[in-house]
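Please look through the structure below at your own pace, and then follow the paragraphs after it, which begin with a single residue and widen step by step to the whole chain.

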Amino acid sequence: MTTTPTTTPTPTPTPPHDDRNNALEAEILRAPERFRVLTGDRPTGRLHLGHYFGTLRNRVRLQDLGVDTYVIVADYQVLTDRDVAERLAEHVEELVLDHLAAGIDPERSTVFAHSAVPALNQLLLPFLSLVTVPELQRNPTVKDEIAHSRQSSVSGLMFTYPVHQAADILFSKANVVPVGRDQLPHLEVTRTVARRFNERYGQVFPEPAALLSAAPVLLGTDGTKMSKSRGNAIALAATADETARLLKGAKTDADRHITYDPERRPEVSSLVLLAALCLDRDPHEVAAAIGDGGAAALKRTVTEAVNEHLAPLRARRAEYARDRAYVRQVLRTGNARAAARAEATLAEVHEAMGTRY
């Protein structure tokens with residue numbers, strides 16, 4: 001009798017970025033004091049559950065580990081895809097409130113507004129001299145942003161967006177930047193700017209490493225990407241009743257038996273995942289517990305899980321919201337701290353470039 005020889009399956013190779021990311025995570029855990037992080041958001045509306053599970057919790061984690069954390073409220077960058085920045089002051093305060101409620105501590109993290117740090121923005125001019133127009137044109141993230149722009153034509157601000165981000169990161173001399181894979185091209189521009197400046201003028205800037213986010217992707221209530229601008233998101237500041245109403249209208253499918261299958265059942269699976277994240281359970285277990293309960297049982301489970309998980313955060317947010325003077329003071333303190341850092345960095349740049357007259 002002949003036998004068929006057995007073969008050992010070839011393991012799927014681990015992407016190089018994943019190896020580097022695991023090593024970076026291990027180093028941060030070992031010596032968090034060696035790292036500085038720059039992260040942030042555009043103030044275009046209240047943050048939602050996608051932001052919370054995608055970035056906010058990780059920012060608080062890094063801060064609590066002892067990493068020097070800078071959180072930028074990128075108000076100038078609102079203009080990259082808008083003709084005007086509407087209700088900007090309100091949105092800035094709401095963004096700070098969301099961070100405070102999530103656990104960002106202004107004594108340990110620097111929360112600041114882009115427009116309040118003039119020395120940061122002065123870095124843009126020498127940095128623009130270090131990249132070429134074709135390099136900016138090839139940036140896939142810029143191309144995607146242009147394709148989805150609200151503007152009828154591309155502004156210079158949008159076109160040079162990656163260089164603005166380089167200034168945001170390098171002014172603080174951050175050596176770690178938490179990003180999703182889609183943001184890697186932007187960070188590569190920052191690394192290129194740092195490297196070319198150092199080669200041309202002398203060692204001033206670190207080349208920041210990417211800390212890849214393992215954050216889950218949560219869909220909005222309409223089954224598309226959760227977004228402030230699409231009206232399909234559940235804001236962290238939403239009440240329990242608002243949350244219930246929004247989830248009641250969430251898109252599902254016709255199959256009554258609930259399973260966790262992101263590829264075949266994305267809408268149902270996103271709701272299951274949201275409940276699992278709030279309950280700190282495996283999504284397959286959550287789906288199995290609902291079983292044949294259908295969409296109604298699924299939405300009830302998700303609503304209860306979200307409202308229970310967010311209750312402490314919402315209580316903290318309401319408390320901070322009653323003292324707007326404190327919120328503004330947090331921002332003023334952060335602005336001053338960031339400005340001092342930016343001025344010191346700009347002084348180094350002037351010294352290196354020979355522009356101290």
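In this predicted model, a good place to begin is Y320, which is partly exposed because its relative accessible area is 25%, a value that lies between the 20% under which a residue is called buried and the 50% over which a residue is called exposed. The same reasoning applies to Y326, which also counts as partly exposed, with a relative accessibility of 32%. These two tyrosines form a stacked aromatic pair, in which the ring centres are 5.9 Å apart and the planes of the rings make an angle of 10°. The word "stacked" is used here because the angle is under 30 degrees.

What other aromatic pairs does the structure hold, and how many does a search of the whole structure find? The search finds eight, and one that can be set beside the tyrosine pair is formed by Y70 and F112, whose arrangement is edge-to-face, with 6.2 Å from centre to centre and 75° between the planes. This pair links distant parts of the chain, since Y70 belongs to strand β2 (residues 68-73) while F112 belongs to strand β3 (residues 109-113), and the two residues are 42 apart. Both Y70 and F112 are buried. Aromatic residues also gather in a group: F127, F197, Y201 and F205 form one aromatic cluster.

From the rings we can turn to helix α14, which covers residues 294-321 and holds V302. V302 has a relative accessibility of 0% and therefore counts as buried. What does V302 touch, once its neighbours within four places in sequence are left aside? The residues in contact with V302 are L247, L271, L274 and A275. For L247, the separation from V302 is 55 residues in sequence, yet the two C-alpha atoms are 7.8 Å apart in space.

A contrasting case is the pair R264 and R317, which are 53 residues apart in sequence and 37 Å apart in space, taken from C-alpha to C-alpha. R264 sits in the loop between α11 (240-248) and α12, and with a relative accessibility of 69% R264 counts as exposed. Helix α12 itself runs over residues 266-279 and includes S270. Is S270 buried or exposed? S270 is buried, because its relative accessible area is 8%, which is under the cut-off of 20%. Not counting residues up to four places away in sequence, S270 touches V217, L218 and L219.

With these local pictures in mind, we can step back to the whole protein, which has 15 helices and five strands. Its radius of gyration is 23 Å, close to the 21 Å that the globule rule gives for 357 residues, so the protein is as compact as a globular protein of that length. Along its principal axes, the C-alpha trace spans about 75 × 75 × 45 Å. Of the 357 residues, 46% are buried, and among the contacts between residues at least 6 apart in sequence, 77% join residues that are at least 24 apart.

The surface and the charges complete the description. The protein exposes about 17800 Å², and carbon and sulfur atoms supply 52% of this area. There are 43 positive and 45 negative charges, and the mean positions of the two groups are 2 Å apart.

How values were computed:
Residues numbered from 1 in each chain as written. Predicted model: local features only at pLDDT ≥ 70, side-chain atom pairs only at ≥ 80, totals over all residues. Heavy atoms only, no water. Helix = DSSP H or I, 4+ residues; strand = E, 2+ residues; numbered from the N terminus. Rg over C-alpha atoms; globule rule 2.2 N^0.38 Å. Buried < 20%, exposed > 50% of the residue type's maximum accessible area, 1.4 Å probe, protein only. Contact = heavy atoms within 4.5 Å. Areas by Shrake-Rupley, 256 points an atom, 1.4 Å probe, with all protein chains shown as cover. Lys, Arg positive; Asp, Glu negative; His and termini not counted. Charge placed at Lys NZ, Arg CZ, Asp CG, Glu CD. Phe/Tyr/Trp six-rings, centres within 6.5 Å; stacked < 30°, edge-to-face > 60°.
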